[in-house]
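User: I'd like a close look at one part of this protein: the sheet and what packs in the same model. Please keep it brisk.

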Amino acid sequence: MLHSYRQLGSWLLLLSYSLGLVLASYEHHLPTTFMLIPVLLWAMAPFQRHGQGLSRTSATIICMLFLGQFCYHQAWSVTQAEIPSGKQQITATVIRLESQPQRWRMDVTVEKPEILSGQRVRVHLLDSHCPLLPGDTLSWTGKLRRPRRFGTPGEFDYPRYLANLGISASGYITSSKQIEVKHPTTIPSPLVAVERWRSQLGQAIATKINHPQTPFLISLVLGEKSRLTPAQRQDLAQFGLSHLFAISGLHLGLLASMLYLVVQKLYRRSTRALMWCPLQQAVAVLILPPLLFYLLLSGGALPTWRAGLLIALAAWLTVRHRHVRPDDLLYSIALLILLVKPLALFGASFQLSFAGVAALILVLPTWRHWQQHRWQRWLALPPLVTLTATVATLPIALWHFHVLAPAALVNNLYAVPLVGLVILPVTLLATALLATGLPGAPLLFHTAGDLLNGILSVATTISQGFLAAQRLYLTVPHHLVLAGISITLLALLAKHRRLTVASLTTTLLGGAILGVTSMPPSTLQLSALSVGQGDCLLLQRANGTTCLIDGGGLYSQTFDVGERLVAPALGRLGVDQIDTVILTHDHPDHRKGLIHILKHFPVKSFWCSTTPELLHDSLQYVLGTHDIPVRVFSAGWTDVEHTADQQLSVFVAPQPHNKNDQSLVVYVRNHHQGILLCGDLEHHGVEQLLADPPPGPVNVIKLPHHGSRHSAHESLLHDLQPAWAIATVGYRNRYHFPHSAVIDTLATMPTTLIRTDRDGSVRLIQSIDGWQQHNLATKLPWP
């Protein structure tokens, strides 16, 4: 294998292994016996005749592919323990504790119940007061549940994120009064002691330092970015400075450079030390202990481990007088990390970290000798590094975060040196003084906070006009083309002609194919997006118009359905503008997700059944700010469009009993196939609808009120006889929708039921034979 490693190069092994991980992410099971095939091929390669069969190199690549698939499933299976249903008496030990606005997040190792013994669980304490520290044992009565995706295209894969951390379940505690705490009676392990001290230090800084920028300073020194409010996170994203406050390799690299200069200067003063060990080798070793301590103190994030491994290996090579190419060193470390934590490949942290460093390794050597004078190199280096890192990470950042921040190119030029070389050392010194009880810590913290406040003020001023941040939601092909453009620009910066020609040709070919294939749908399509307990439907008509009916909206103040689910799904589905946004009725589970969409997507008109003055304040504000025309429909049927082939009509109940019965009902027809979307109509509203029935055939129906038994479902279904019925419901919702009576009624009819809690997001496409069902995301598990 070592011979093959040298022959292939670390980059090809990393690529083969990563491809195996990606292929495994689209499967649920891979028989372990399949691993024997490439292993046998690899072992038999030396005995094969020249020119026949697979070479050992090819067999090694196949081995890495299967190893990637095997490691993916092994990492995933570790977190698939059986979760007991109902409330349980749970006993666990705190591993990590982090503060969030008005709540706490902790990772614990479960001791009881025995079925989960040794499993790692994430628990949210919904209380501003927390009596716990890492190493403490707590007991409470509550429920645990397995993390689960909603099932929308483009959503953040939270279960895989937790699985990468080794977390198999999650839960919450409403109050600290429900917790019984037991403090450790023995000396904790060194890692637990550091984590315990880290948590105490964070609470001490937050309590004693009264400064608006204290959460940023704690994030810098301890890696607790969870203390930042959503508004602060959004500001950093718009400034392009988020990476500065998530402990990364940049911080460790800057700290290593400063330590190297200081230790080198001190070491040169000792003749005895210079006689005992050469300067370069000694300094490389002496800076490792403080760097390891900072790595543990800052939480041990993946980018810092990557930087720490790079520095440690560089020190080891310096001591051994060995020379290794920087790119081989980087790819080897990436492969090592992925062997230990295979699921890290899919995280933004791993991707951004290694993409940025790989781009710098590619570009910087080309420009190292371009400037003749040292001052020219120092002046040219910051903009070159900023441009290179930005170009390399832009496609990845847009894929995960959907934010384009042009101001980052300017803001990083002054923010990186000021934060890394001034604010970070001052904050570390202030933290050391506070931890040891020496005076001067508050003054240093306030000095760092004031300087940081000035940086953020300048960033606010710069991030305006044409440099203002924008939300971009793109399709997968668009992302691939953007990645090709990024690689082409990096190849140009590196003056690599072959790579430039190859990437440019591929990008142009991909762009041409994308231009030909990205045509609007030529038939009627209805997509039911899985957004939890709420409605969100995307209607794409044969004439090219797009309607978004409702936007979902969980009863949560911290989870924006529009930002986290609906907008990424629209981007993946190729929707970049919306002709009509329709609010069936003004309830949170239909309205809240629309706010983000109305802000960040071009919308031509907004339809509702009540006057704008009666809409929720958030809706009134966004409609007025973006000058979106509002159309209010009166009682009965209104034909918006009616031709021989096309029809779009809207119905409002003449005498609604409540807000649900005010739901705006949409009927759309293409040729002889029709769709009826019933909003949240209840019994009285459905009766009025049946008294004035839809003006055409109904082949697809969105069940009224999520499949409630109080919506006259028997009369509606028997009168209309639809071939398809859609229930937009949340997983294990407390209302038990769709009701068993509705399911029983559908079982007696030739009607196919689609449930967003079971099937995820689903698209129905009109065809010559009727309708075709397409799952827009991987089918969700159903117990």
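Analyst: Start with one strand pair. Strand β13 covers residues 603–608, and three bridges join β13 to β14. The two strands run parallel. One pairing can be named residue by residue: F606 has V630 of β14 as its bridge partner. Keep in mind that this is a predicted model.

Now widen the view to the sheet. β13 and β14 belong to an open sheet of eight strands. The order is β14-β13-β12-β11-β10-β9-β22-β23. The pairing across the sheet is mixed. In general, strands of a sheet pair through backbone hydrogen bonds, either parallel or antiparallel. β14, at residues 630–632, is an edge strand. The other edge strand is β23, at residues 770–775. Each of these edge strands pairs on one side only. From one strand to the next, the twist averages 20°.

Next, a helix pair. Helix α22 spans residues 588–600, and helix α23 spans residues 617–625. Their axes lie 10 Å apart, and the packing angle is about 15°. α22 is therefore roughly parallel to α23, given that angles under 35 degrees count as roughly parallel. The crossing of these two helices is left-handed. From α22, the contact uses R591, I595, L598 and K599. From α23, it uses S618, L619, V622 and L623. By class, the residues of this α22–α23 contact are five nonpolar, one polar and two charged.

A second helix pair can be described in the same terms. Helix α2 is made of residues 10–24, and helix α14 of residues 326–340. The axes of α2 and α14 come within 9 Å and cross at roughly 30°. That angle makes α2 roughly parallel to α14. Here too the crossing is left-handed. On the α2 side, the residues are S10, W11, L13, L14, Y17, S18 and L21. They meet D328, Y331, S332, A334, L335, L338 and L339 of α14. The contact of α2 with α14 has 10 nonpolar, three polar and one charged residues.

Last, confidence. The protein chain averages a pLDDT of 87, and 92% of the residues score at least 70. Two stretches need care. Over residues 1–7 the pLDDT is below 50, and this stretch has 10 contacts in the model beyond near neighbours in sequence. Over residues 28–33 the pLDDT is also below 50, with seven contacts in the model beyond near neighbours in sequence.

Definitions and conventions. Residues are numbered from 1 along each chain as its sequence is written. This is a predicted model: local features need pLDDT of at least 70, side-chain atom pairs count only at pLDDT 80 or more; totals for chains, interfaces and linings use all residues. Side-chain values use heavy atoms; hydrogens and water are left out. Axes are lines fitted to C-alpha atoms, for helices over the stretch in contact, and angles run from 0 to 180 degrees between N-to-C directions. Helices (H or I, at least four residues) and strands (E, at least two) are DSSP runs, numbered from the N terminus. Angles under 35 degrees count as roughly parallel, over 145 as roughly antiparallel, 65 to 115 as roughly perpendicular and the rest as oblique. A crossing is left-handed if the near helix is turned anticlockwise from the far one by less than a right angle, and right-handed if clockwise. Contact means heavy atoms within 4.5 Å. Ala, Val, Leu, Ile, Met, Phe, Trp, Tyr, Cys and Pro count as nonpolar, Asp, Glu, Lys and Arg as charged, and the others, Gly among them, as polar. Two strands pair if DSSP finds at least two bridges between them. pLDDT is the predictor's confidence in each residue, from 0 to 100.
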